[in-house]
Amino acid sequence: MNDVVNPDTYETLAISEHDNGLYVVKLNRPSKRNALDVLTIEELIRFFSSARMAGVKAVVLAGEGAHFCAGLDLVEHWKADRSADDFMHVCLRWHEAFNKMEYGGVPIIAALQGAVVGGGLELASAAHVRVIDSGTYFALPEGQRGIFTGGGATIRVSDMIGKYRMIDMVLTGRVYQGQEAVDLGLAQYIVEDGTSFDKAMELAEKVAQNLPLTNFAICSAVSHMNNMSGMDAAYAEAFVGGIVNTQPAARERLEAFANKTAARVRPKS
Ligand code: 1HE
C-alpha cells in the first residue's frame with residue numbers, strides 16, 4: 001500500500017478505502033469538534049498532495065461526530081500566542097492544503113453535518129461538491145472572536161455567495177442553513193431525510209466511474225481558468241480539451257455512443 005493512503009500513518013485523519021479508488025477522509029478529532037490544528041493541516045497537505053498519484057479516484061471528505069468542523073483550533077492558537085509572522089505561515093500552510101484540494105485533480109465531495117464554521121467553511125469550500133442535510137449550518141464567527149479569516153474565505157466563500165454576503169457573515173455572525181444555503185451557493189445538494197454522508201458517497205461512487213484524466217481536468221482546469229483572462233482561459237481550455245478529448249481511454253465510450261449502446265441523456269422522470 002502506498003504510504004500516502006495508509007491510514008496508520010495519520011493521527012488526525014481517519015482514512016478508509018472503498019471500492020473503485022474511492023476514499024473517505026474524515027477529520028477525526030470529534031472531542032474538539034474537528035477544530036483544525038497544525039497537525040490536521042499538515043496531514044491534509046500530505047494526503048491531497050499525492051492522492052492522485054496514489055490512485056485515489058474520488059474522496060468523500062467528512063467529519064467524525066456531530067459536527068463537520070469548528071474551524072481554527074482557537075485553543076491551540078491562544079496557547080501558542082503567535083507572532084504575526086508565525087500566523088502568516090500558519091495561513092500559508094492552510095492555503096497549501098486547500099489549494100492542493102481544489103487544484104489537485106481528484107474530485108472531492110464534502111459531506112457536511114452540524115457546524116461548518118470559520119475555517120471549517122474554508123475547508124469545505126475547497127471541495128468540488130458540497131452536500132448538506134437538515135442539521136448542517138454555516139457561519140463565519142471570526143468577527144465575534146476578534147480575528148479575521150485566513151484560510152481562503154475571502155476568495156472561495158465570496159466566490160460562492162458574493163462579496164457582500166460573505167462580508168455580512170463575518171461582520172454579523174449570520175448563520176445560513178437548509179435550502180437557503182443551497183440557493184445561495186454554499187452547497188449544491190441538500191438531503192431532507194437521511195444523511196449528507198450517504199448522498200456524498202452516492203455522488204462519489206458515480207464520479208469515480210469517470211476517466212481519471214477527465215476528472216483531473218474538471219477538478220483542476222476549471223479553477224485555474226477562473227483565475228485567467230477570458231482570452232487565456234479559452235486558449236488553455238483548447239489545450240486541455242486537446243489532451244483530454246483525445247485520450248485513448250475515451251475511445252471506448254465514444255464508440256459506445258456511436259454504436260448506440262451508451263446511455264442517452266434524458267430529463268429526470
Ligand atoms: C474547540 C473549537 C475550536 C470546539 N478550537 N477547540 N471557530 C469558532 O468560533 C467555533 C467555535 N466552536 C463552537 O462554536 C462550538 O464548539 C460548536 C458549535 C462547533 C460545537 O458546540 P458544542 O456545544 O457541541 O461543543 P463545545 O462544548 O463548544 O466544545 C466541545 C470541545 O471542543 C471543547 O473542548 P473541551 O476540551 O473543553 O471539551 C471545545 O473547546 C472544543 N472546541 N470548537 C478549539 N474552534 C485560518 S483563520 C480561520 C479562523 C477561524 O476558523 S475562526 C472560527 C473559529
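**Sheet, covering helix and salt bridges**

Strand 2 is largely enclosed by the rest of the structure, because five of its six residues are buried. This description rests on a predicted model. Strand 2 covers residues 22-27.

Strand 2 belongs to an open sheet of six strands. The strand order is 1-2-3-4-6-9, and the pairing is mixed. Strand 1 (13-17) and strand 9 (189-191) stand at the edges. Each of these two has a single partner strand, so one side of each is left without a neighbour in the sheet. On average, neighbouring strands of the sheet are turned by 20 degrees against each other, direction ignored.

The pairing can be followed strand by strand. Strand 1 and strand 2 are antiparallel and share five bridges. The two strands form a hairpin, with four residues between them. Asparagine 20 lies in the turn and has a positive phi of about 60 degrees. Alanine 14 has lysine 26, in strand 2, as its bridge partner. Lysine 26 also has a bridge partner in strand 3, namely alanine 62. Strand 2 and strand 3 run parallel and are joined by six bridges. Towards the other edge, strand 6 (residues 129-133) runs parallel to strand 9. Three bridges join this pair. Isoleucine 132 stands opposite isoleucine 190, which is in strand 9.

Helix 9 lies across five strands of the model: strand 2, strand 3 (58-63), strand 4 (108-112), strand 6 and strand 9. The helix runs at about 170 degrees to strand 4. Helix 9 spans residues 196-207. Within this helix, glutamate 202 and lysine 199 are three residues apart, about one turn. Their side chains meet in a salt bridge, at 3.2 Å from N to O. Glutamate 202 counts as partly exposed, at 45% relative accessibility. Lysine 199 is partly exposed as well, with a relative accessible area of 23%. Elsewhere, salt bridges with shared partners join Arg29, Asp37 and Asp73 into one network.

In total, the structure holds 10 salt bridges. One of them links glutamate 96 and lysine 100, with the closest N and O atoms 3.2 Å apart. Both residues lie in helix 3 (residues 84-103). Because they are four residues apart in that helix, about one helical turn separates them. Glutamate 96 is partly exposed, at 30% relative accessibility. Lysine 100 is also partly exposed, and its relative accessible area is 30%.

Another salt bridge is formed by arginine 82 and glutamate 76. Here the closest N and O atoms are 3.4 Å apart. Arginine 82 has a relative accessibility of 18%, so it counts as buried. The cut-off for buried is under 20%. Glutamate 76 has a relative accessibility of 25% and therefore counts as partly exposed.

The surface also carries a nonpolar patch. Tyr164, Ile167 and Leu171 make this patch, which has an area of about 360 Å². Isoleucine 167 is found in helix 7, which spans residues 163-172. Isoleucine 167 is partly exposed, with a relative accessible area of 34%.

Conventions: Residues are numbered from 1 along each chain as its sequence is written. This is a predicted model: local features need pLDDT of at least 70, side-chain atom pairs count only at pLDDT 80 or more; totals for chains, interfaces and linings use all residues. Side-chain values use heavy atoms; hydrogens and water are left out. A salt bridge is a side-chain nitrogen of Lys or Arg within 4 Å of a carboxyl oxygen of Asp or Glu. Buried means under 20% relative accessible area, exposed over 50%, partly exposed in between (1.4 Å probe, protein chains only). Patches are made of residues with over 30% relative accessible area and no salt bridge: like charges are joined within 9 Å, nonpolar side chains (Val, Leu, Ile, Met, Phe, Trp, Tyr) within 5 Å. Accessible areas come from the Shrake-Rupley method with a 1.4 Å probe; for residues, only the protein chains shown count as cover. Two strands pair if DSSP finds at least two bridges between them. Axes are lines fitted to C-alpha atoms, for helices over the stretch in contact, and angles run from 0 to 180 degrees between N-to-C directions. Contact means heavy atoms within 4.5 Å.
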